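Colleague: I've got the sequence and the model open side by side. Can you walk me through what sits where?

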Amino acid sequence: MKYSSSTTAVPEVPKVPRHVAIIMDGNGRWATKRFLPRVAGHVKGVEAVRTVVEACVQRGIEYLTVFAFSSENWRRPEEEVSLLMRLFVTALEREVAKMHANNIRLKVVGDLSRFDAKLREMIATAERKTANNTRLTVTVCANYGGRWDIMQAIGKMVAAHPGATDYAEEQLAPHLAMAYAPEPDLFIRTGGEERISNFLLWQLAYTELYFTDTYWPDFTSEKLDEAIASYQHRERRFGRTGEQLAKAK
Ligand code: IPE
Ligand code: IPE
Ligand code: MG
């Protein structure tokens, strides 16, 4: 496969984003606002993931990537971390068969070495089972960090080119955790914060960013459509001028 990225070639701009990447934020505040424990927000958040997966299938989106647990989320209270892990296990138990029946491929990326053996085994089984599905690829980023990804890719790149002292972007990119997917066209962060929080640092180079105050558990297919509509009004220049784009039309 020929290497192509938004910094080396001008990619095609699809009307409907091919790849949507989401920071699902605001679960805790959603719950607190209702005088519920934070975990209730995470439970509700899983339902929102299901809704958005279905919406992506209907809209012909090819890749959906969701940030479920960051490499920094271990800093949270132990009970919340362990509940998030349990929720991950239950979600896998409940959803994988349905995803498979709907021709959805599941990938989980991140430093999985910190997860317990049972969870790692479940992830491997789910990935194997859905590996040949073609309708939508859902990637769950778990114990993921953009800097972790770049560092692990550098390690593999160096090992693959012994003796080299100079490297090109083309040599690093195939080792990134999501090398199987094109770069995201649209990034969405719910919950009101306007930051990347160590998500896909390399891959977001030319992604259109969309921030909404909606808490993740309240995110619906209509809200997804609002984000897509905003994306469709952007002019993606990839370094060129607006005049050049107008001429090319
Ligand atoms: C996002 O919601 C879910 C995870 C980080 C696991 P939060 O739990 O960060 O919710 P807020 O930001 O505290 O409201
Ligand atoms: C980002 O949310 C990570 C996930 C959604 C999994 P956080 O709530 O952890 O982000 P910060 O700490 O507010 O930046
Ligand atoms: Mg948060």
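Colleague: Let's start with the ligands. In which pocket does ligand 1 sit?

Modeller: Bear in mind that this is a predicted model. A molecule sits in a pocket if more than half of its atoms lie within 2 Å of the pocket's grid points. By that test, ligand 1 has its place in the largest pocket.

Colleague: And which pocket is the space taken by ligand 2?

Modeller: The residues around ligand 2 include Ile23, Phe67, Phe69 and Ser197. As for the space that ligand 2 takes up, that is the largest pocket.

Colleague: Back to ligand 1. Which element gives the largest share of the shell around it?

Modeller: The shell around ligand 1 includes Gly26, Asn27, Gly28, Arg29, Arg38 and His42. Ligand 1 sits in the largest pocket. Two elements give two or more residues to its shell, α1 (27-33) and α2 (38-59). The largest share, three residues, is from α1.

Colleague: How much of the accessible area of ligand 1 does the protein cover?

Modeller: Start with the contacts. A polar side-chain atom of Asp25 is 2.8 Å from an oxygen atom of ligand 1, and polar backbone atoms come in from Asn27 at 3.2 Å and from Gly28 at 2.9 Å. On its own, ligand 1 has 380 Å² of accessible area, and the protein covers 87%.

Colleague: What about residue classes there: how many in the shell around ligand 1 are nonpolar, polar and charged?

Modeller: Going by name, Asp25, Arg29, Arg38 and Arg76 are in this shell, and Asp and Arg count as charged. Gly counts as polar in this scheme, and Gly26 and Gly28 are in the shell as well. The split comes out as three nonpolar, five polar and four charged.

Colleague: Now ligand 2. How much of its area does the protein bury?

Modeller: Side chains make the contacts I'd look at here. Oxygen atoms of ligand 2 are 3.1 Å from an N or O atom in the Asp25 side chain, and 3.2 Å from one in the Arg189 side chain. The side chain of Arg76 has a polar atom 3.2 Å from a ligand 2 oxygen. Ligand 2 taken alone exposes 390 Å², and the share buried by the protein is 78%.

Colleague: Which strand gives the most to the shell around ligand 2?

Modeller: Phe67, Ala68, Phe69 and Ser70 are among the residues around ligand 2. Those numbers fall within the strand that spans residues 63-70 and gives four residues to the shell. By class, the whole shell has five nonpolar, three polar and four charged residues. The strand you want is β2.

Colleague: Thr65 is in that strand too. Why does it count as buried?

Modeller: Thr65 lies in β2, and its side chain has a polar contact of 2.7 Å with the side chain of His19. Buried means under 20% relative accessible area. Thr65 qualifies because its relative accessibility is 0%.

Colleague: Tyr144 next. Is it buried or exposed?

Modeller: Tyr144 is part of strand β4 (residues 136-144). Val109 is 35 residues away in sequence, yet the two C-alpha atoms are 6.7 Å apart. The relative accessibility of Tyr144 is 0%, so it counts as buried.

Colleague: Any odd backbone angles? What is the phi of Phe35?

Modeller: Phe35 is in the loop between α1 and α2. Its relative accessible area is 80%, over the 50% cut-off, so Phe35 is exposed. It isn't a glycine, but its phi is positive, at about 60°.

Colleague: And Asn103: buried, partly exposed or exposed?

Modeller: Asn103 also has a positive phi, near 65°, in a residue other than glycine. You'll find Asn103 in the loop between α3 (78-101) and β3 (104-109). With a relative accessibility of 27%, Asn103 counts as partly exposed.

Colleague: Last one. How far is the C-alpha of Thr134 from that of Asn103?

Modeller: Thr134 is in the loop between α4 (117-130) and β4. Its relative accessibility is 65%, so Thr134 counts as exposed. Along the chain, Thr134 and Asn103 are 31 residues apart, but the separation of their C-alpha atoms is 6.0 Å.

Conventions:
Residues are numbered from 1 along each chain as its sequence is written. Chains are lettered from A and ligands numbered from 1 in the order in which they are written. This is a predicted model: local features need pLDDT of at least 70, side-chain atom pairs count only at pLDDT 80 or more; totals for chains, interfaces and linings use all residues. Side-chain values use heavy atoms; hydrogens and water are left out. A residue is near a molecule or strand if one of its heavy atoms lies within 4 Å of it. A polar contact is a pair of N or O atoms within 3.5 Å; within protein, one must be able to donate a hydrogen and the other to accept it, and residues adjacent in sequence count only if both atoms are side-chain atoms. Accessible areas come from the Shrake-Rupley method with a 1.4 Å probe; for residues, only the protein chains shown count as cover. On a 1 Å grid over the protein atoms alone, a cavity is a set of points where a 1.4 Å probe fits but cannot get out, and a pocket is an open set with protein on both sides within 12 Å along at least five of seven lines; lining residues have an atom within 4 Å of a point. Buried means under 20% relative accessible area, exposed over 50%, partly exposed in between (1.4 Å probe, protein chains only).
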